[in-house]
Amino acid sequence: MAPVSIVLLHSVCGLTADVRAAADRLSAAGHEVITPDLFEGKTAPSLEEGMRMREQEGSPGRDELLRRAVTATAPHSEKGLVYAGFSIGGSIAQTLALADEKARGLLLLSGTSDIPEDTAVDELPVQLHVADPDAFEPHDWLTAWYLRMQRAGADVEVHRYPGVGHLYTHAELDEYDKDAAERTWRTALGFLETL
């Protein structure tokens, strides 16, 4: 299939070298990749530091991050975007994809979000990659998420990676798992080829 346009949203660590490396990998496969910086240049060297940074006075809340993501992606939405994101970026990507009738797909890496009861999509391809277990994405939550996503009309795949950390695809973090990360990217690139 033809290359796709992807918006790739970062985690609480910000637009780090790991996110840029992921974008480079997707670009090398022929895709156009947009990487909005929702934290306006701020980055953190660990998940814990990123969470502390998000809790600081004056840090943007989820609604503000969503507004920034909409502003960054709106000029490209006519192309039919694939929305993708890591952790909180996945949560925001999901919100954007479910609201965009032209969305071509949704690629979630370690992050999901609530699904409004009235959500309806027309067989939107969705692929989730997640640690097993993941404190931020517990089993009960993921089971309910999967069923709600299917009920909304999405075509959902879930790939679980036992024994890895939450942001296991990020090479600069302690929780990086090379084997699981490589499996994730092989599977994700195959997914993108079908869109």
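A residue counts as exposed when its relative accessible area is over 50% and as buried when that area is under 20%. With that in hand, welcome to a short tour of this predicted model.

## Helix α1

Helix α1 runs over residues 17-28, and D24 and A28 are exposed on one side of it. The other side looks quite unlike this: D18, V19, A22, A23 and L26 are buried. Viewed down the helix axis, these buried residues fall within an arc of 140°, so they line one face of α1. What lies over that face? The cover includes the strands β1 (5-9), β2 (32-34) and β3 (82-86), together with helix α6 (178-193).

The length of α1 can be checked too. Its 12 residues, at 1.5 Å a residue, should span 16 Å, and the end C-alpha atoms are indeed 16 Å apart, which agrees. After the helix comes G30, which has a positive phi near 100°.

## Helix α6

Helix α6 has 16 residues, and the distance from its first C-alpha to its last is 23 Å, close to the 22 Å expected at 1.5 Å a residue. Its buried residues are A180, A181, T184, W185, A188, L189, F191 and L192. They cover an arc of only 160° around the axis, which puts them on the same side of α6. The face turned away from that buried side carries D179, R186 and E193, which are exposed.

Covering the buried residues of α6 are, among others, helix α1 and the strands β1, β3, β4 (105-109), β5 (125-132) and β6 (155-162). At the N-terminal end of α6, D177 acts as a cap, with a side-chain oxygen 3.3 Å from the backbone nitrogen of D179.

## Three buried loop residues

Some loop residues are worth a visit as well. H31 sits in the loop between α1 and β2. H31 has a relative accessible area of 8%, so it is buried. A polar atom of the H31 side chain lies 3.0 Å from the backbone nitrogen of V4. Leaving aside residues up to four places away in sequence, H31 touches P3, V4, I6, L26 and L192. Two of these contacts lead back to the helices: L26 is one of the buried residues of α1, and L192 is one of the buried residues of α6.

D100 belongs to the loop between α4 (88-99) and β4. Which side chain of opposite charge is nearest to D100? The nearest one is K102, 6.9 Å away, and the buried D100 has no salt bridge. A salt bridge here needs a nitrogen-to-oxygen distance within 4 Å. The D100 side chain does reach the backbone nitrogen of K102, at 2.8 Å. Not counting residues up to four places away in sequence, D100 also touches S77 and Y83.

A154 is in the loop between α5 (139-151) and β6. With a relative accessible area of 10%, A154 is buried. V126 is 28 residues away from A154 along the chain, yet their C-alpha atoms are separated by 6.6 Å. A154 touches V121, E123, L124, V126 and M149, again leaving out residues up to four places away in sequence.

## A salt-bridge network

Side chains of opposite charge can pair when their charged atoms come close. How many salt bridges does a search of the whole structure find? It finds 7. The table lists some of them.

| Pair | N to O distance |
|---|---|
| R68 and E40 | 3.6 Å |
| R67 and E64 | 2.7 Å |
| E64 and R68 | 2.9 Å |

Salt bridges that share partners join E40, E64, R67 and R68 into one network. Within helix α3, R67 and E64 are 3 residues apart, about one turn of the helix. E64 and R68 are 4 residues apart in α3, so about one helical turn separates them. The pair of R68 and E40 links distant parts of the chain: R68 is in helix α3 (residues 62-73), while E40 is in the loop between β2 and α2 (47-55), 28 residues apart.

The members of the network also vary in accessibility. R68 is buried, at a relative accessible area of 18%, whereas E40 is exposed, at 60%. R67 counts as partly exposed at 47% relative accessibility, and E64 is partly exposed with a relative accessible area of 25%.

Conventions
Residues are numbered from 1 along each chain as its sequence is written. This is a predicted model: local features need pLDDT of at least 70, side-chain atom pairs count only at pLDDT 80 or more; totals for chains, interfaces and linings use all residues. Side-chain values use heavy atoms; hydrogens and water are left out. Helices (H or I, at least four residues) and strands (E, at least two) are DSSP runs, numbered from the N terminus. The expected span of a helix is 1.5 Å times one less than its number of residues. Buried means under 20% relative accessible area, exposed over 50%, partly exposed in between (1.4 Å probe, protein chains only). The arc is that of the directions from the helix axis to the C-beta atoms. Contact means heavy atoms within 4.5 Å. A polar contact is a pair of N or O atoms within 3.5 Å; within protein, one must be able to donate a hydrogen and the other to accept it, and residues adjacent in sequence count only if both atoms are side-chain atoms. Lys and Arg count as positive and Asp and Glu as negative; His and the chain ends are not counted.
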